[in-house]
Structure formats: C-alpha cells, structure tokens
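Here is a short briefing on a protein model, written for someone who likes to know where the cysteines go. Have the structure open as you read.

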Amino acid sequence: TLHIRRSGAGRLCRVVPLLPHARDLSMCANTVSGERCQLVCEEGFVSTQSLMCINGKWSDAACSPTPCQSAYALNNSQDLSHCVGTASGSSCRLTCSPGYAK
C-alpha cells in the first residue's frame, strides 16, 4: 500500500509526462506531490492507472492497447471466438471454412 503525506511544501511535478498514445497532458504540469492528473488515451488505448505526482516524479502509468471484447463475424470463416482479448492493432489467426481460401 502506498501512503502519501500531503503538505503545502510538497515537490511539484513540473515536467509534463510524455506517454505514448496519451492525449495532451499539458494540464499536468506543476501538479503538487500527492495529487493525480487524469490520463486520457487515444482511441484504441486504455490507461493502466492514474498518473500521480510523488515527490516531484510521475508514477508509472501507460496507455495500453484496448483488447477486443467480442469476436468478429466474418462470412465463410471458422469460429473467431479465440480472437476475444486480442490487443487493438494486433492480428488474430483467421481460418477459412472448407472450400474457401484467404
């Protein structure tokens, strides 16, 4: 468990965090230690956790690919339920129904 003591003399996170696939985080500049800054990710990505300023440094957070939540229905293919959970932007093996080719 992380315990953070808030005080008026806390160190600031002065630098804007640079995270791949994150939207503009300029509003995070000068966040006081112990405070959070909302991490908003680009479409197709989801934040792993909130950004938190801890003693002048940002906590580890990232924008990870959003996993596919349902199987795509594709004519003349075999069941694609194994594709559920595949990360956005990744590929999933397609097997055609008998008599069809890729």
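Leu 51 is a good place to begin in this predicted model. Leaving aside residues up to four places away in sequence, Leu 51 touches Pro 17, Leu 19, Leu 25, Cys 28, Glu 35, Arg 36, Cys 37, Leu 39, Trp 58, Ser 59 and Ala 61. Leu 51 also belongs to the largest nonpolar core, which has 12 residues in all.

**The nonpolar core**
- Six cysteines sit in this core: Cys 13, Cys 28, Cys 37, Cys 41, Cys 53 and Cys 63.
- The other members are Ala 22, Leu 25, Leu 39, Leu 51, Trp 58 and Ala 61.

**The disulfide count and pattern**
- The model has 4 disulfides.
- If you number the bonded cysteines in sequence order, the pairing reads 1-5, 2-3, 4-6, 7-8.
- Cys 96 stays out of this scheme, being in no disulfide. The nearest cysteine sulfur to that of Cys 96 belongs to Cys 83 and is 12 Å away, while a disulfide needs the two sulfur atoms within 2.5 Å.
- Free as Cys 96 is of any disulfide, it still counts as buried, at 18% relative accessibility.

**Cys 13 and Cys 53**
- The sulfur atoms of Cys 13 and Cys 53 lie 2.2 Å apart, and the two residues form a disulfide.
- This link is right-handed, with 100° about the S-S bond.
- Cys 13 lies in strand S1 (residues 12-13) and Cys 53 in strand S5 (residues 51-54), so the pair ties together parts that are 40 residues apart in sequence.
- Both ends are buried: Cys 13 has a relative accessible area of 1%, and Cys 53 is at 0%.

**Cys 28 and Cys 37**
- Cys 28 is joined to Cys 37 by a disulfide, with 1.7 Å from S to S.
- The link of Cys 28 and Cys 37 is left-handed, at -75° about the S-S bond.
- Cys 28 and Cys 37 are both buried, and each of them is touched by Leu 51.

**Cys 83 and Cys 92**
- What is the S to S distance in the disulfide of Cys 83 and Cys 92? The value is 1.8 Å.
- The link of Cys 83 and Cys 92 is left-handed, with -85° about the S-S bond.
- Cys 83 is buried, with a relative accessible area of 12%, whereas Cys 92 is partly exposed at 28%.

How values were computed
Residues are numbered from 1 along each chain as its sequence is written. This is a predicted model: local features need pLDDT of at least 70, side-chain atom pairs count only at pLDDT 80 or more; totals for chains, interfaces and linings use all residues. Side-chain values use heavy atoms; hydrogens and water are left out. A nonpolar core is a set of buried Ala, Val, Leu, Ile, Met, Phe, Trp, Tyr and Cys residues joined through side-chain atoms within 4.5 Å. Buried means under 20% relative accessible area, exposed over 50%, partly exposed in between (1.4 Å probe, protein chains only). Contact means heavy atoms within 4.5 Å. Helices (H or I, at least four residues) and strands (E, at least two) are DSSP runs, numbered from the N terminus.
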